[in-house]
Amino acid sequence: RSNTIPSPLADAYANQGKIWCSTSDAADYVVEPLPTDSVSKKMPPALVLRGEHDFVSDKCLEGWNSAFNHDDVTAKTLD
């Protein structure tokens, strides 16, 4: 963990768009399932990562398994 915000991250916050306004917005994000007309299309495997001290919640991670039309979804918390 860093005691200071790295320059690239500070730049990203300074130039953020209007969709994500704070880390709490991202932490509450829950993925939505595919539209029913897309269910038959083959989706690629997915790797969902978060940091050990990340603001992304368990609730956010839970939805990813049901968002894809296959079971090849891996969620990892990095130490």
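Which residues make up the largest nonpolar core? In this predicted model, that core consists of seven residues: Val31, Ala46, Val48, Leu61, Ala67, Phe68 and Val73. Two of these names, Ala67 and Ala46, are good starting points for a short tour. Leaving aside residues up to four places away in sequence, Ala67 touches Val31, Glu32, Pro33 and Leu34. Val31 is itself a member of the core.

The tour continues into the loop between helix 4 (64-67) and strand 2 (73-78), where His70 has its place. Is His70 buried or exposed? Its relative accessibility is 17%, so His70 counts as buried, the cut-off being under 20%. Beyond residues up to four places away in sequence, His70 touches Met43, Pro44, Pro45, Ala46 and Asn65. One of these, Ala46, belongs to the largest nonpolar core.

The side chain of His70 also has polar partners to look for in the structure. A polar atom of this side chain lies 2.8 Å from the backbone oxygen of Pro44, and the backbone nitrogen of Asp72 lies 3.0 Å from a polar atom of the His70 side chain. Pro44 therefore appears both in the list of residues that His70 touches and as a polar partner through its backbone oxygen, with the two atoms within 3.5 Å.

Asn69 is found in the loop between helix 4 and strand 2 as well. With a relative accessible area of 30%, Asn69 is partly exposed, because this value falls between the limits of 20% and 50%. Along the chain, Asn69 and Lys41 are 28 residues apart, and their C-alpha atoms are separated by 8.2 Å.

Methods:
Residues numbered from 1 in each chain as written. Predicted model: local features only at pLDDT ≥ 70, side-chain atom pairs only at ≥ 80, totals over all residues. Heavy atoms only, no water. Helix = DSSP H or I, 4+ residues; strand = E, 2+ residues; numbered from the N terminus. Buried < 20%, exposed > 50% of the residue type's maximum accessible area, 1.4 Å probe, protein only. Polar contact = N/O pair within 3.5 Å; in protein donor to acceptor, adjacent residues only side chain to side chain. Contact = heavy atoms within 4.5 Å. Core = buried A, V, L, I, M, F, W, Y, C linked by side-chain atoms within 4.5 Å.
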